[in-house]
Amino acid sequence: MFDLLGNSRRRRILRYLLDERHITLTDLSARIAAWENDTTVADLTSRERKKVYSSIYQTHVPRLSEHGLVEYDAEDRLVSLTGDADRIQRFLEVEGPERGGFSHQWSRYFLWTAVVGSAVIAGNWLGTVPTTHVTTESLYGLLTVAFMMLSVSFVMAVEGPKLLRLGN
């Protein structure tokens, strides 16, 4: 079972099917493509949809079907959950929340912290007014503290729920 659930698309398929016991292959692939591309279903490109649809249709649904977890009705193009929902839920919970806080948003936070910090340090070197009263060492220290706080926040957002579960 762990080998089967080693793929994020298969886990995502099962998560959707735990919420909706039956879903069309088209809707399922669109939702997964939107999740993978950090966008909405309406904003997906045709290429993004086709890439995920092909993968789900040719690889992931057949693999889940072989193991008795889903059934695919080719005539209606409908994917249905057929496995034990409680057992599947337990296996999915072992892994923890799939995007447990991590998103591409975090990379933007780090990027903008670096850009703003670099601009302030460059301003200090050039002697611009807002930074002339602060030493370069102080600016480096502030930037280091900002990155440390951001890093701790990132770790807590991503690993925090798992750490809290282990403490119980």
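Analyst: Helices (H or I, at least four residues) and strands (E, at least two) are DSSP runs, numbered from the N terminus. Leucine 92 sits in one such run, helix α4. This is a predicted model: local features need pLDDT of at least 70, side-chain atom pairs count only at pLDDT 80 or more, and totals for chains, interfaces and linings use all residues. Residues are numbered from 1 along each chain as its sequence is written, and side-chain values use heavy atoms, leaving out hydrogens and water.

User: How many helices and strands does the protein chain have?

Analyst: The protein chain has six helices and three strands. From the N terminus on, their order is α-β-α-α-β-β-α-α-α.

User: Why is leucine 92 called buried?

Analyst: Buried means under 20% relative accessible area, exposed means over 50%, and partly exposed lies in between (1.4 Å probe, protein chains only). Leucine 92 has 4%, so it counts as buried. Of the 168 residues of the protein chain, 30% are buried.

User: Which residues are in contact with leucine 92, leaving aside its neighbours within four places in sequence?

Analyst: They are Leu5, Arg11, Leu14, Arg15 and Leu18. Contact means heavy atoms within 4.5 Å. Leucine 5 is 87 residues from leucine 92 in sequence, but their C-alpha atoms are 8.0 Å apart.

User: What makes α1 largely enclosed by the rest of the structure?

Analyst: Ten of its twelve residues are buried, so α1 earns that description. Among the buried ones are Arg9, Ile13, Leu14, Tyr16 and Leu18.

User: How do you know that the span of α2 agrees with what is expected?

Analyst: The expected span of a helix is 1.5 Å times one less than its number of residues. For the twelve residues of α2 that gives 16 Å, and the end C-alpha atoms are 16 Å apart, so the two agree. In α1, the distance from first to last C-alpha is 17 Å, close to the expected 16 Å.

User: What covers the buried residues of α2?

Analyst: The cover includes α1, β1 (22-24), α3, β2 (70-73) and β3. The buried residues themselves include Leu25, Leu28, Ile32 and Trp35. After α2 comes aspartate 38, with a positive phi near 55 degrees.

User: What makes a set of residues a nonpolar core?

Analyst: Its members are buried Ala, Val, Leu, Ile, Met, Phe, Trp, Tyr and Cys residues, joined through side-chain atoms within 4.5 Å. The largest one here has 27 residues, and Ile13, Leu14, Leu28, Ile56 and Val70 touch the most other members. α2 gives the largest share, seven residues. Leucine 28 touches Ile13, Tyr16, Ile23, Ile56 and Val79, not counting residues up to four places away in sequence. In soluble globular proteins, nonpolar side chains tend to be buried together.

User: Why is valine 115 called partly exposed?

Analyst: Its relative accessibility is 38%, between the two cut-offs, so valine 115 counts as partly exposed. Valine 115 belongs to helix α5 (residues 104-126).

User: Which residues form a nonpolar patch on the surface?

Analyst: Leu111, Trp112, Val115, Val116 and Val120 form it, with about 460 Å² of accessible area together (Shrake-Rupley method, 1.4 Å probe, only the protein chains shown counting as cover for residues). Patch residues have over 30% relative accessible area and no salt bridge; nonpolar side chains (Val, Leu, Ile, Met, Phe, Trp, Tyr) are joined within 5 Å, like charges within 9 Å. A salt bridge is a side-chain nitrogen of Lys or Arg within 4 Å of a carboxyl oxygen of Asp or Glu.

User: Why does tyrosine 140 count as partly exposed?

Analyst: Its relative accessibility of 39% falls between the cut-offs, so the term fits. Tyrosine 140 lies in helix α6 (residues 136-167). Leaving aside neighbours within four places in sequence, tyrosine 140 is in contact with Ile121 and Trp125.
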